[in-house]
Amino acid sequence: LTDIASPPTPQVRLPQGRLLLNGTLVEPLEAGATIPVIDPATGRQIATIPACSAADVDRAVAAAHRCFESREWQSMRPIDRGRLLERLALLVEEHADELAALESLDSGKLLAVTRAIDLQFTIDGLRYFAGWASKIAGQSIALNPLVPEDATYRAYTERRPVGVVAGITPWNFPIGQAIQKLAPAIAFGCTVVLKPSEETSLTTLRLGELIIEAGFPAGAVNIVTGYGQEAGAALVDHPLVRKIAFTGSTATGQRIMAAAAQTMKRVTLELGGKSPTIILADADLERAIPGAAMAIFANSGQICTAGSRLLVEAPLYDQVLEGVAQIARDLKLGSAFDAATQVGPLISKRQRDRVGGIVTAGLAEGAIAMAGGKVVDREGWFYPPTVLAGVARQMTPMREEIFGPVLCAARVDEGDDLVKLANDTPFGLGASIWTRNLDRAHLLADRIDAGTVWLNTHNVLDLAMPFGGNKLSGIGREFGYEAMNAFTEPKAICLRL
Ligand code: NAD
């Protein structure tokens, strides 16, 4: 890895830019093929990472497959697979400050938040799934024999690991997402090839170094970096990969699902969203206004469940809008390493320009900017927290997933069908309802077509709670008990006594 600019304070140790293949760090086959790593706060190049080819991916999958088939892996006690994850948790904990700084440098995510949330989630995730390794269980089943009528049968199911898993991850929670794929895959007896986003591969590469230190068997976890269309697509097409655990955009998810059909791979797809924040007329505004603001502005709006559509019942509309716009105007943009910063940059120039383009289209269609609304003139890929008022259902910002700090507000008048408005999107990932009337909240929650509905809160993710989306937001669930279904297949065993 070439260190081009001098790292900012605090000094950030860059990982070696080598792949984790079969238990060792190796150079990619094509030495010259690299991807620049850009600091989003300055727009300057800080390093390069390997752009892996299909041949590198083939080496990684072959190693994962060999390990999966080996006696060592097949006969390892589940509790010992859990211990591998616990050892990695300890190492990540020991290096948490360093990993948080590396993540912030690579992604622009606020250092304090990255340390307190992303890294803690990563450590907790390893420990949570370490516990699951020893709790895999099937069912015993009563049969209904037809012939002969007096036969006695026993039947039961085992949960068998699906095999080699490809974990393909996006750039908004890089190390957390890597662990979200790696930890359940290992706990449930699979082996893994991880491919992080080409925008944010540094912490996953560093994780590779810690995985060696933790003593995982060679090939149990492999890491390749590279572009989606090359390294990612090679994983999706590889005949020895049995499952794709993907988090990213809906467009890529659709491409992956179509390609995976050729080899009938299992897929879990955690995709985009356009989640509503719904404020009812009796909401506690001291909680609802900051809640609605953080639902969209946290992580600069780059959260799949971001509350990007604000639906407010008419009596509170003006007050909520003014409150949220005031918060947006007061938020401080800046470097991840500055303790005063509240909103960091977006991940790339492309993303910054895309967000700007959608807002400009919305303003031309008649939306009104109550805060933000145009690109700030400074180095790096910053976009200011933006509140758009009077955004009608057909306007571009109300329809598209923006993935930036842009809130689209609409008033809900008496006689409007709130459920219809909330579900008026091709996505179905999250939603929040803010009210003091819990009966109404529950009745509304029943009818909202989304994987998660929060009541008087937003964006609370927990490893014990299933996570995933409906409609174009994806297929399958991760976390909690559902993770066992995502990474294992049931096998029925039937015996005539
Ligand atoms: P993206 O789809 O562009 O990329 C995600 C990953 O897929 C990257 O590693 C990329 O290299 C890879 N990829 C791209 N093309 C591929 C192909 N043809 N075959 C295989 N792999 C390929 O997404 P992104 O821009 O990195 O992330 C933002 C998106 O992720 C947003 O839409 C957001 O909503 C979504 N997201 C969803 C969740 C969730 O859990 N539902 C969480 C975070 C982000």
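**Close-up 1. Around the ligand, 29 residues make up the shell in this predicted model.** Pro170, Gly228, Gly232, Gly248 and Cys304 are the closest of them. Two elements, helix 8 (228-237) and helix 9 (250-260), each put two or more residues into the shell. Helix 8 has the largest share, with 5 residues. Sorted by character, the shell comes out as 14 polar, 10 nonpolar and 5 charged residues.

**Close-up 2. Strand 15 (residues 386-389) is covered on both faces.** Look at one side and you'll find Thr386 and Leu388, both buried. Flip to the other and there are Val387 and Ala389, buried as well.

**Close-up 3. Strand 15 pairs with strand 14 and with strand 16, and here's how the partners line up.** Strand 14 (residues 368-371) runs antiparallel to strand 15, and 3 bridges join the two. Ala369 has Leu388 of strand 15 as its bridge partner; that's one of the residues we just met as buried. Strand 16 (residues 406-412) instead runs parallel to strand 15, again with 3 bridges. Here Thr386 is matched with Val406 in strand 16.

**Close-up 4. An open, antiparallel sheet is built from 3 strands in the order 5-6-22.** Strand 5 (140-141) and strand 22 (488-496) sit at the edges with a single partner strand each, so each has one side without a neighbour in the sheet.

**Close-up 5. Zooming in on that sheet, strand 6 (residues 153-161) and strand 22 are joined by 9 bridges.** The two pair in the antiparallel sense. To get your bearings, find Ala155, which stands opposite Cys494 in strand 22.

Notes
Residues are numbered from 1 along each chain as its sequence is written. This is a predicted model: local features need pLDDT of at least 70, side-chain atom pairs count only at pLDDT 80 or more; totals for chains, interfaces and linings use all residues. A residue is near a molecule or strand if its C-beta atom, placed from the backbone, lies within 6 Å of it. Helices (H or I, at least four residues) and strands (E, at least two) are DSSP runs, numbered from the N terminus. Ala, Val, Leu, Ile, Met, Phe, Trp, Tyr, Cys and Pro count as nonpolar, Asp, Glu, Lys and Arg as charged, and the others, Gly among them, as polar. A residue is buried if 20 or more other C-beta atoms lie within 10 Å of its own, exposed if 12 or fewer, and partly exposed in between; C-beta atoms are placed from the backbone. Two strands pair if DSSP finds at least two bridges between them.
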